[in-house]
Amino acid sequence: MIQVTLNGQPEVLDDGITVLALLERRQLAGKRLAVERNGEIVPKARHGETALAEGDRLEIVVAVGGG
């Protein structure tokens, strides 16, 4: 298990979890969103290969449409 900070809140996750697996677990996969890890945007094409590590700081921002 690893501890990360997700949108400002402490979160305990499985060791070796990827960004994509985290998004799937939160039912966010396939949605229009941005993921920032330790101050850098993780490109969507790299979500499946980007493993999270102890102490990572993540921000997940979901795009909301409207007018």
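Q: What makes strands E1 and E2 count as a pair in this predicted model?
A: Five bridges join E1 (residues 2-6) to E2, and the two run antiparallel. Pairing takes at least two bridges, so E1 and E2 qualify. One of the links has Ile2 with Leu13 of E2 as its bridge partner.

Q: Why are E2 and E4 said to stand at the edges of the sheet?
A: The sheet is open, with five strands in the order E2-E1-E5-E3-E4 and mixed pairing. Strand E2 (9-13) and strand E4 (40-41) each have a single partner strand, so one side of each is left without a neighbour in the sheet.

Q: Why is Thr18 called buried?
A: Buried means under 20% relative accessible area, and Thr18 comes in at 18%, so the label fits. Thr18 sits in the loop between E2 and helix H1 (19-25). Leaving aside neighbours within four places in sequence, Thr18 is in contact with His47, Gly48, Thr50, Ala51 and Leu52.

Q: What makes the pair Thr18 and Ala21 a polar contact?
A: The side chain of Thr18 reaches the backbone nitrogen of Ala21 at 3.1 Å. The cut-off is within 3.5 Å, so that distance passes.

Q: And Asp14, why is that one partly exposed?
A: Asp14 has 35% relative accessibility; buried would need under 20% and exposed over 50%, so Asp14 falls in between. Asp14 is also in the loop between E2 and H1. Not counting residues up to four places away in sequence, Asp14 touches Met1, Ile2 and Arg25.

Note on methods:
Residues are numbered from 1 along each chain as its sequence is written. This is a predicted model: local features need pLDDT of at least 70, side-chain atom pairs count only at pLDDT 80 or more; totals for chains, interfaces and linings use all residues. Side-chain values use heavy atoms; hydrogens and water are left out. Helices (H or I, at least four residues) and strands (E, at least two) are DSSP runs, numbered from the N terminus. Buried means under 20% relative accessible area, exposed over 50%, partly exposed in between (1.4 Å probe, protein chains only). A polar contact is a pair of N or O atoms within 3.5 Å; within protein, one must be able to donate a hydrogen and the other to accept it, and residues adjacent in sequence count only if both atoms are side-chain atoms. Contact means heavy atoms within 4.5 Å.
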